[in-house]
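Open the structure in your viewer and keep the selection tool at hand. We will go from stop to stop, picking residues and looking at what surrounds them.

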Amino acid sequence: MKRFEYKTLKIEPKGFWGTKLDADEIDKVLNELGRQGWELVSMQDLSVSGSSWTFHYTFKRETI
């Protein structure tokens, strides 16, 4: 039977109004997790009144 472990990463926008995301930095983090064997399985944008205030990325990888 396959077994998996899960990891959740929270990324919050920066800037005065919390509207700035650094796509290059996010790519670096996601690529590093991919090199470690983590597979992105979902991404959730948590917003309030139509404004994104945090993003949750959920990953999984098979355990040995």
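Start by selecting K60 and F4: K60 lies over the face of F4, 4.3 Å from the ring centre. A charge counts as sitting over a ring if NZ of Lys or CZ of Arg is within 6 Å of the ring centre and within 35 degrees of the ring normal. Before moving on, note that this is a predicted model, where local features need pLDDT of at least 70 and side-chain atom pairs count only at pLDDT 80 or more, while totals for chains, interfaces and linings use all residues. Residues are numbered from 1 along each chain as its sequence is written, and side-chain values use heavy atoms, with hydrogens and water left out.

How many aromatic pairs does the structure hold? The count is 0. To pair, rings of Phe, Tyr and Trp (its six-membered ring) need centres within 6.5 Å; planes under 30 degrees apart would be stacked, over 60 edge-to-face, and the rest tilted.

**Stop two: the salt bridges**

The structure holds 3 salt bridges, a salt bridge being a side-chain nitrogen of Lys or Arg within 4 Å of a carboxyl oxygen of Asp or Glu. Select E5 and R61, whose side chains meet in one of them at 2.8 Å, N to O. This pair links distant parts of the chain, with E5 in strand β1 (residues 4-11) and R61 in strand β3, 56 residues apart. Helices (H or I, at least four residues) and strands (E, at least two) are DSSP runs, numbered from the N terminus.

Are these two partners buried or exposed? E5 is partly exposed, at 31% relative accessible area, and R61 is partly exposed too, at 26%. The cut-offs are under 20% relative accessible area for buried, over 50% for exposed, and in between for partly exposed (1.4 Å probe, protein chains only).

Next, pick E12 and K10, which form a salt bridge of 3.2 Å, N to O. E12 is partly exposed at 38%, whereas K10 is exposed at 51%.

Now select R35 and E32, where the closest N and O atoms of the salt bridge are 3.4 Å apart. Both residues lie in helix α1, 3 residues apart, or about one turn of the helix. R35 is exposed, with 62% relative accessibility, and E32 is partly exposed, with 35%.

**Stop three: along helix α1**

Stay with the helix and colour residues 23-35, which make up α1. Its 13 residues reach 18 Å from the first C-alpha to the last, close to the 18 Å expected at 1.5 Å a residue; the expected span is 1.5 Å times one less than the number of residues.

What happens at the start of α1? There, a side-chain oxygen of D22 comes within 3.2 Å of the backbone nitrogen of D24. D24 lies in the helix and is exposed, at 57% relative accessible area. Measure across to T58 if you like: D24 and T58 are 34 residues apart in sequence and 19 Å apart in space, C-alpha to C-alpha. Just after α1, click on G37, which takes a positive phi of about 100°.

**Stop four: strand β3**

Finally, highlight residues 51-62, strand β3, and find F59 within it. F59 is buried, with a relative accessible area of 2%. Show its surroundings: leaving out residues up to four places away in sequence, F59 touches E5, Y6, K7, L9, L30, L33, W38, E39, L40 and V41. Contact here means heavy atoms within 4.5 Å. One of these residues, L33, is 26 residues away along the chain, with 8.6 Å between the C-alpha atoms.

T54 is in β3 as well, and at 0% relative accessibility T54 counts as buried. Its contacts, not counting neighbours within four places in sequence, are K10, I11, E12, P13, Q44, D45 and L46. Zoom in on I11, whose backbone oxygen lies 3.4 Å from a polar atom of the T54 side chain.

The last click is S51, also in strand β3. S51 is partly exposed, at 45% relative accessibility. Its C-alpha is 13 Å from that of L21, a residue 30 places away along the chain.

Conventions:
Polar contact = N/O pair within 3.5 Å; in protein donor to acceptor, adjacent residues only side chain to side chain.
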